[in-house]
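User: I would like a close look at one part of this model. Please keep it brisk and stay with the backbone.

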Amino acid sequence: MIRSLTIAVLFIFTETYAQDTIKYTPKDTTAEYDYLTISELQQKIDNILSDSNFINANWGVVIRSLQTGEYLYNKDESKLFVPASNLKLFTTAAGLSLLGSGYRYTTNIYSYGDINYSTLEGDLIIQGTGDPTFSGRFYNGDIFKVFDDWADSLINLGITKIQGNIIGDDDLFDDQGLGEGWSWDYETYWYAAQSSAISFNDNCIDISICYDSKLDSIIIKYSPVVKGIIVINDVVPVSPGSGSTDIDIYRERGTNIITVSGTFSKGSDTLKTYATVLNPTLYAMIVLKDRLEKKGIKVSGYAIDIDDYGRNIDYTKVQYLFSYFSPYLFEIVKVINKGSQNFFAEQLLKTIGHEKKGFGSAENGIIACKEWFSEIGLNPDHIIMTDGSGLSHLNRVTPQQIILLLRHMYSTKIFGAFFNSLPIAGVDGTLLRRMKNTKAENSVRAKTGFISFARSLSGYAFTGDGEPLAFSFIVNNFNVPVKLAENLQDSICVLLSNFKRKSTE
């Protein structure tokens, strides 16, 4: 019997090659496997899905063997469902396929003026291409690392004074920062950060809240501390026995005035949270100007979004200084799928639009994605895609389409990059705390999805025989705690991981 699965995948990077090997050794935590016929397996799944808590809900379920092509279970597989973040499977699969797992963003930095000795007599131009990685995610939490490196590069070029402005050119993307169909009350929260061709720190500020016993007051710190960001402390301390920590964040629409309100228990540890910013390009340029000055580069002008620059940039007349190259796309899609990072997903969708259709918009990205869907056998007319992350309630897909996507990716050379981006049950990402101490732990790899009244889980599982399966579970229109939906999805995953085919001889 197969106790492990090894898949060798060749990643093609930019002029480099790397061999990636995926090994599977499912963790045994139960004494016996379930030896079942397919009909017996189906009956067990029927029993799980018959939970009376979901009598008014809609379930779509498909389970298919990647070894034989056989369907082990189907339920409303061709009906349209709100997929929530399972839509990221479509975005990341298309991104890896159309751009390549070795794709890297390139951000070019130019001088728009003469350089005399140590002085740039003009403006510094940052031409953004949608790179979402100007943050601490790839730099041990140092959110300023990229901008500080840019400052060092300028100093190495001998530039210690800029007499002009710091200009952020974000014109390769549109200015539609929010996705179609996003709820208006999402706008403050990190999961609805605006997209932009230039970004910084996921287009959010980091906020920490703690209680100071000496002052008997709540202390709020935020980063970065720069001009234009105002944080108002409206948090009330409460005794541990009389109240609990209940914090809300609100950014006043059309501003970067952020109010932190609610109660904070005096016995609580420091709480970390986030708030989105308005105009990500201007925000990034303000932070960059601040970091340049902290590094000793004097800037006489202002931080400016190109929309407020007042003139067009003639790139035939600028002087190239240096470029920043992002991590590889196979690393970026890990952020998208493991942590269900909406901002990164929206950036990737617009990047697909930019690279394949000449301009970075969600509309162009969706057109390019749907062309690819058609090429791999998915009917694009039956996929309603309005954003890249799944945050919109307007998205619709069928469980069968998800299975066809998963099956296609399984057959490609970039499967390793796609597979490695998915959360591992009981190990990491959004499945860190699910399916622990079961055979599904470290065996199931799947993308979660959640918005109001929708919970989804789709990915790959391995039976007790080592047989690879693709599965998709989507439930819509339930009115019970989401944990109950998760429990049913997890129960099926555990059932599949414990399943061994019963001999019919």
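How many bridges join β10 to strand β11, and which way do the two strands run? Please take in the surroundings as well.

Analyst: A caution before the details: this is a predicted model.

Seven bridges join β10 to β11, and the two strands run antiparallel. Strand β10 covers residues 204–212. Strand β11 covers residues 217–223. Together they form a hairpin, with four residues between them. One residue in that turn is Asp 216, whose phi is positive, at about 50°. Along the pair, Ile 207 of the hairpin stands opposite Tyr 222 in β11.

β10 also pairs with β15, residues 271–276. Six bridges join β10 and β15, and this pair runs antiparallel too. Here Asp 206 has Tyr 274 in β15 as its bridge partner. In a regular strand, side chains alternate between the two faces of the sheet.

Now follow the chain out of the hairpin. The peptide bond from Ser 223 to Pro 224 is cis, with omega near 0°. Pro 224 lies in the loop between β11 and β12, and β12 spans 230–238.

Positive phi values turn up in other loops. Asn 140 is not a glycine, yet its phi is near 55°. Asn 140 sits between β7 (119–127) and α3 (145–156). Asn 140 counts as exposed because its relative accessibility is 84%, and the cut-off for exposed is over 50%.

Asn 442 is also not a glycine and has a positive phi of about 70°. Its loop runs between α9 (415–420) and β19 (445–451). Asn 442 is partly exposed, at 32% relative accessible area.

Note on methods
Residues are numbered from 1 along each chain as its sequence is written. This is a predicted model: local features need pLDDT of at least 70, side-chain atom pairs count only at pLDDT 80 or more; totals for chains, interfaces and linings use all residues. Side-chain values use heavy atoms; hydrogens and water are left out. Two strands pair if DSSP finds at least two bridges between them. Buried means under 20% relative accessible area, exposed over 50%, partly exposed in between (1.4 Å probe, protein chains only).
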